[in-house]
Amino acid sequence: SPLWLTGFAALLASFVALFGEAIRGWIWRPDLAVSYVSGPDYCEHVGLAVSVNGQVFSAKGYYFRLLISNKGPRRAEKVEVLVTTLRQIQLDGSRPVVRRYSMNLKWTHIGTPVLDGISSKMERFCDIRHCVCPKDRAALPAPSVNLSNVDPNTAMLTLDVEAQPIHPIHVLGSGKYELTFLVCAANHPPLQKMLEIEISGKWSDDLDRMVNDEIRIHLI
């Protein structure tokens, strides 16, 4: 009857008014994804300029990067990549926790811990870590890259976290590790991922050899 249809229409209008935005947000939402490939773009051989107490030092190095993509129809707002836990993989397969972090990684080239946004079908690189040539590292006065208990000829990885810790807990020596991190946005729930990282401690000026033999990184 017309009265029944009128009541149903009023009920439907009330439902849309109350939950319409939530429904639209669920259907048209960002969809963040993470990728890593051992090759160019994700891994870059660069010349580093390190500033210490106003003095600039030059060094050779590599940057290793994640690619964060938004495959959804809606812009992802205030995107962050948060490092949480580092475990060291032992010969027996056990994975004891080495360090716990609560710091964001920095976005490539702009160096900020929070990216304003990633539009639909767009992507941005985020720096995971970098490795400085051991010969150049030895000339740097920064204590965070010169560890007294590490062979000066050993290549190490430094996490590109938003703040440099007082103690060098962001510097990794030779070994095999599992790094857990979260990718999230103001309008996207946390997406947990892991990187398996194996560091030989050796340096090479050849990018292919460096990323396939000396520093192997796999996204899990």
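**Close-up views of a predicted model**

**View 1. Strand 1 and strand 3 pair side by side in the antiparallel sense, through four bridges.** Welcome to this predicted model. One bridge to look for starts at Leu 32, whose partner in strand 3 is Asn 70. Strand 3, which spans residues 55-70, is mostly covered, as 12 of its 16 residues are buried.

**View 2. Strand 3 also pairs with strand 8.** Here the two strands run antiparallel and are joined by nine bridges. Strand 8 covers residues 123-132. As a landmark, find Arg 65 and then its bridge partner in strand 8, Asp 127.

**View 3. The loop between strand 1 and strand 2 holds Gly 39 and Asp 41.** Strand 1 runs over 32-35 and strand 2 over 43-52, with Gly 39 in the loop between them. Is Gly 39 buried or exposed? Gly 39 counts as buried, because its relative accessibility is 7% and the cut-off for buried is under 20%. From Gly 39 you can look across to Phe 64: the two are 25 residues apart in sequence, and their C-alpha atoms are 9.4 Å apart in space. Asp 41, by contrast, counts as exposed, at 54% relative accessibility. The backbone of Asp 41 deserves a glance too, with a phi near 75 degrees, a positive value in a residue other than glycine.

**View 4. His 109 sits in the loop between strand 6 and strand 7.** Strand 6 takes in 106-107, and strand 7 takes in residues 114-118. What is the phi of His 109? The phi of His 109 is near 75 degrees, which is a positive value in a residue other than glycine. His 109 is exposed, and its relative accessible area is 73%.

**View 5. A salt bridge ties Asp 205 to Lys 60.** The closest N and O atoms of this pair are 3.3 Å apart. Which parts of the chain does the pair link? Asp 205 belongs to the loop between strand 12 (188-199) and helix 3 (207-214), while Lys 60 is in strand 3, so the two are distant parts of the chain, 145 residues apart. Asp 205 is partly exposed, at 44% relative accessibility. Lys 60 is partly exposed as well, with a relative accessible area of 34%.

**View 6. Asp 116 and Lys 78 form a salt bridge, with their closest N and O atoms 3.1 Å apart.** This pair links distant parts of the chain: Asp 116 lies in strand 7, and Lys 78 lies in strand 4 (residues 76-88), 38 residues apart. Asp 116 counts as partly exposed, at 45% relative accessibility, and Lys 78 counts as partly exposed at 42%. Salt bridges that share partners bring Arg 75, Glu 77, Lys 78 and Asp 116 into one network.

**View 7. Within that network, Glu 77 and Arg 75 meet in a salt bridge of their own.** Their side chains come to 3.2 Å, N to O. Glu 77 is partly exposed, with a relative accessible area of 32%. Arg 75 is also partly exposed, with a relative accessible area of 29%.

**View 8. Helix 3 has four residues to pick out: Leu 207, Met 210, Val 211 and Glu 214 are its buried residues.** Why do they line one face of the helix? Seen down the axis of helix 3, the buried residues fall within an arc of 120 degrees, so they line one face. A simple rule helps when looking at this view: an α-helix has 3.6 residues a turn, so residues three or four places apart point the same way.

**View 9. Step back, and the whole chain comes into view, with three helices and 13 strands.** The chain has 220 residues, of which 41% count as buried. Among contacts in the chain with a separation of 6 or more, 64% come from residues 24 or more positions apart. The chain exposes about 12100 Å², and carbon and sulfur atoms supply 56% of that area. How many salt bridges does the structure hold? The structure holds 11 salt bridges, and the one between Asp 205 and Lys 60 in View 5 is a good place to begin looking.

How values were computed:
Residues are numbered from 1 along each chain as its sequence is written. This is a predicted model: local features need pLDDT of at least 70, side-chain atom pairs count only at pLDDT 80 or more; totals for chains, interfaces and linings use all residues. Side-chain values use heavy atoms; hydrogens and water are left out. A salt bridge is a side-chain nitrogen of Lys or Arg within 4 Å of a carboxyl oxygen of Asp or Glu. Buried means under 20% relative accessible area, exposed over 50%, partly exposed in between (1.4 Å probe, protein chains only). Contact means heavy atoms within 4.5 Å. Accessible areas come from the Shrake-Rupley method with a 1.4 Å probe; for residues, only the protein chains shown count as cover. The arc is that of the directions from the helix axis to the C-beta atoms. Two strands pair if DSSP finds at least two bridges between them.
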